Amino acid sequence: MKNLAIIGAGSWGTALAIVLAPRFPSIRLWVYETDLAARMTASRVNDVYLPGFQLADHVQVTSVLPVALEGADIVLSVMPSHLVRRLYQQMLPCLHESMLFVSATKGLENGTLARVSEVIREVLSARMEPQIAVISGPTFAREVASFEPTALVVASSDAAVASRIQAAFSGPTFRLYSSQDTIGVEIGGSIKNVVAIGAGVLHGMGLGNNPMAALITRGLAEMNRLAVAMGGRGQTLAGLAGLGDLVLTCNGDLSRNRTVGVELAHGRKLDDIVGSMKMVAEGIKTTHAAVDLAKRFAVEMPISEQMFQMLNFGVAPRDAIQRLMERSLKGE
Ligand SMILES: NC(=O)c1ccc[n+]([C@@H]2O[C@H](COP(=O)([O-])OP(=O)(O)OC[C@H]3O[C@@H](n4cnc5c(N)ncnc54)[C@H](O)[C@@H]3O)[C@@H](O)[C@H]2O)c1
């Protein structure tokens, strides 16, 4: 497993190219924007999505998909969730059954409500029986690219696939734990972005630590309920891809989803906030999928529901909080 293709050079794909460079003699990084690819080839810096970080000399940058995929042992995809199906369809003619497919995308497909690994499997099943894993956890791109110690999870229903990726990706600052619970890992990585918008709202309203702790804890309960109803393990949500990522996204200044919440609390309109962001905040789209999944699996997800009301129907943050506080009383 010497050849790695990374598909998508946003902040996360670029950070992964940096941290994994010492582990692979050959890395090809596919960049969507041709002008950015040309600049990155010359300067070795992604000046749009991850300025200030240098790519290793042996990372080959390309905007041509067949070039990126040729001879790859591992295809690591890092595109935003709404582009997964389209890009895998485009890649399909260049893919082989011998390749391992790893998804680092967080989010769900709106409409189908499929997890990203399910979308990938569906597309690839037309030609092969694919070996798929997902990686997730508390991983801000800038900190990973700075080689700060980071722990995350690799999950695959096939334990051997998870172990191979764990061995191939782990390094001195990048420690992977293995799991077979792709459902728990993907639901954790997706729903935490919805809760993070709520965390931003609390922060933007100037509220203190009590509401934040309550949001994180009840957000975790909600993620857990959904994952278990879908067939995942509750224990996974107590791990890096659940609680770990939730704590990071709710408290960290680098979280875009949290930033969306802060801006909403300051009274800005969603269209205006999204229009001023170059990067994706997956939580906005995931909020739709979360409320639809809650209905499909008949679980209560009150925080996601209030986020949905705020994002789509302009419910004021204060009213959303009041609705949460005045729900019928429950056992924990
Ligand atoms: N940034 C992080 O710290 C981080 C950490 C873990 C996981 N993730 C997840 O990784 C995924 C990618 O996020 P990111 O932060 O790298 O993205 P980003 O917001 O930094 O960049 C957006 C990406 O989308 C690409 N893009 C835009 N339009 C496109 C099109 N039409 N076709 C193909 N590509 C197109 C851009 O080239 C760019 O690579 C998301 O699911 C995110 O939740 C991000």
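Colleague: What makes a residue count as one that surrounds the ligand?

Modeller: One of its heavy atoms has to lie within 4 Å of the ligand. In this predicted model, 25 residues surround the ligand, and the closest are Gly10, Ser11, Glu33, Val280 and Glu282.

Colleague: Which helices supply at least two residues of that shell?

Modeller: α1 (11-20) and α4 (84-91) each do. α1 gives the most, with three residues.

Colleague: How do the residues of the shell divide into nonpolar, polar and charged?

Modeller: There are 15 nonpolar, five polar and five charged residues. Glycine counts as polar in this scheme.

Colleague: Why is the pair formed by valine 280 and the ligand called a polar contact?

Modeller: A polar backbone atom of valine 280 is 2.8 Å from an oxygen atom of the ligand. The cut-off for a pair of N or O atoms is 3.5 Å, so this pair is a polar contact.

Colleague: What about tyrosine 32 and threonine 139?

Modeller: A polar side-chain atom of tyrosine 32 lies 3.4 Å from a nitrogen atom of the ligand. For threonine 139, a backbone N or O atom lies 3.4 Å from an oxygen atom of the ligand. Both pairs are within 3.5 Å, so both count as polar contacts. As for cover, the ligand has 830 Å² of accessible area on its own, and the protein covers 87% of this.

Colleague: Which pocket does the ligand take up?

Modeller: The space taken by the ligand is the largest pocket.

Colleague: Why is asparagine 257 called buried?

Modeller: Its relative accessible area is 6%. Buried means under 20%, so asparagine 257 is buried. This residue lies in helix α12 (residues 256-265). Asparagine 257 and alanine 196 are 61 residues apart in sequence, yet their C-alpha atoms are 5.7 Å apart in space.

Colleague: Why does phenylalanine 147 count as partly exposed?

Modeller: Its relative accessibility is 38%. Partly exposed covers the range between 20% and 50%, so phenylalanine 147 falls there. The residue is found in the loop between α6 (141-145) and β9 (150-155).

Colleague: What makes alanine 298 exposed?

Modeller: Exposed means over 50%, and alanine 298 has 70% relative accessibility, so the word applies. Its place is in the loop between α14 (282-296) and α15 (302-313).

Colleague: What is the phi of phenylalanine 147, and what is that of alanine 298?

Modeller: Phenylalanine 147 has a positive phi of about 60°, and alanine 298 has a positive phi of about 50°. Neither phenylalanine 147 nor alanine 298 is a glycine. Most residues other than glycine have a negative phi.

Conventions. Residues are numbered from 1 along each chain as its sequence is written. This is a predicted model: local features need pLDDT of at least 70, side-chain atom pairs count only at pLDDT 80 or more; totals for chains, interfaces and linings use all residues. Side-chain values use heavy atoms; hydrogens and water are left out. A polar contact is a pair of N or O atoms within 3.5 Å; within protein, one must be able to donate a hydrogen and the other to accept it, and residues adjacent in sequence count only if both atoms are side-chain atoms. Accessible areas come from the Shrake-Rupley method with a 1.4 Å probe; for residues, only the protein chains shown count as cover. On a 1 Å grid over the protein atoms alone, a cavity is a set of points where a 1.4 Å probe fits but cannot get out, and a pocket is an open set with protein on both sides within 12 Å along at least five of seven lines; lining residues have an atom within 4 Å of a point. A molecule sits in a cavity or pocket if more than half of its atoms lie within 2 Å of its grid points. Helices (H or I, at least four residues) and strands (E, at least two) are DSSP runs, numbered from the N terminus. Buried means under 20% relative accessible area, exposed over 50%, partly exposed in between (1.4 Å probe, protein chains only).
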